[in-house]
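Hi,

Here is the structure I promised to pass on. Have a look first, then read my notes underneath.

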Amino acid sequence: MTAMDVSPDVVRSAQQGDRQALETVLEGVRDRVHNLARRILVNPEDASEATQEILIQILTKLSTFRGESAFSTWAYRVAVRYLLSAKKIRDRDLGLTFEMFAADLETGLVADPPEAPDQALLLNELRVSCTMAMLLCLSMDLRLAYVLGDVFELDQGEASEILDLTPSAYRKRLSRARAEVIAFTSRHCGIVSNGAKCSCSRRLPAAMKAGRIARGNYPNSAGSAFSYSEAKLQVEAVVDDLKAFKLQRAVPEQNCPQEIRTQLTHILSPGV
């Protein structure tokens, strides 16, 4: 994971209204904020909307940063508070559970699926999409703890500060989230468990029929460092409790969309 790199001097200049410094601050945090929003909200449109609003809040609240923690920690705290408090996010919560997700995965499985010329790309998009979506089955509190700890691999001290928890409370929350993800993937994910009913190849026809995966459109897996087969080998190479961790870590990071960068440039430089 790429860290949010913004020097204290740049932050101080930005607090004093220096436009170039403000742009540098946004450049230093925008991709990390977007990745957090994508992993927490999953839906690209919802994540883009949240990213823009969080970045604007970082700008408007910048004067409150006192340097008592790393700037990255403070920026994550702004993002987390928005994700926890925004009414529009609560209103869009589907109330998904692991039981509901498992039932959906096992609907329409094909015993002997046909193989398409672009099968590898389709399977990789399905792998990444499903890996991201399963975290929606966690409550928001558990999801945040899991993403900060096991996806972003922040140390427990920083993650607990971001979530405004004691280190002990954070460890318990992360442990519970891990247990739920491991239990689900060990029973229902064919990449993690050979005994699972669902596998990406058997699930793909139903996912395409439902419009969740479309040929030539790979928004979640674009830029992935791993192909489907490589990701599967990565997961198979580790012991049981690490398989879910490897599965989640094989999801590619995504840069902040260009349209958000453009909109923020207009905010900082209205005449441009």
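Below is what turned up when I looked for enclosed spaces.

A word on the basics: this is a predicted model, where local features need pLDDT of at least 70, side-chain atom pairs count only at pLDDT 80 or more, and totals for chains, interfaces and linings use all residues. Residues are numbered from 1 along each chain as its sequence is written, and side-chain values use heavy atoms, with hydrogens and water left out.

A cavity here is a set of points, on a 1 Å grid over the protein atoms alone, where a 1.4 Å probe fits but cannot get out; lining residues have an atom within 4 Å of a point. Points are joined across faces, edges and corners, and the volume is the space filled by probe spheres set on them. That gives 3 cavities of 30 Å³ or more.

The largest one has a volume of about 140 Å³. It is lined by 16 residues, and Cys130, Cys189, Gly190, Cys198 and Cys200 are the closest to its centre. Helices H7 (119–133), H10 (167–188) and H11 (200–209) each give two or more residues to this lining (helices are DSSP runs of H or I, at least four residues, numbered from the N terminus). H7 has the largest share, with 4 residues.

The second largest cavity holds about 70 Å³ of space. Of its 10 lining residues, Arg39, Val151, Phe152, Val251 and Glu253 lie closest to the centre. Helix H2 (residues 19–41) supplies the largest share here, 3 residues.

Enjoy exploring!

Key. On a 1 Å grid over the protein atoms alone, a cavity is a set of points where a 1.4 Å probe fits but cannot get out, and a pocket is an open set with protein on both sides within 12 Å along at least five of seven lines; lining residues have an atom within 4 Å of a point.
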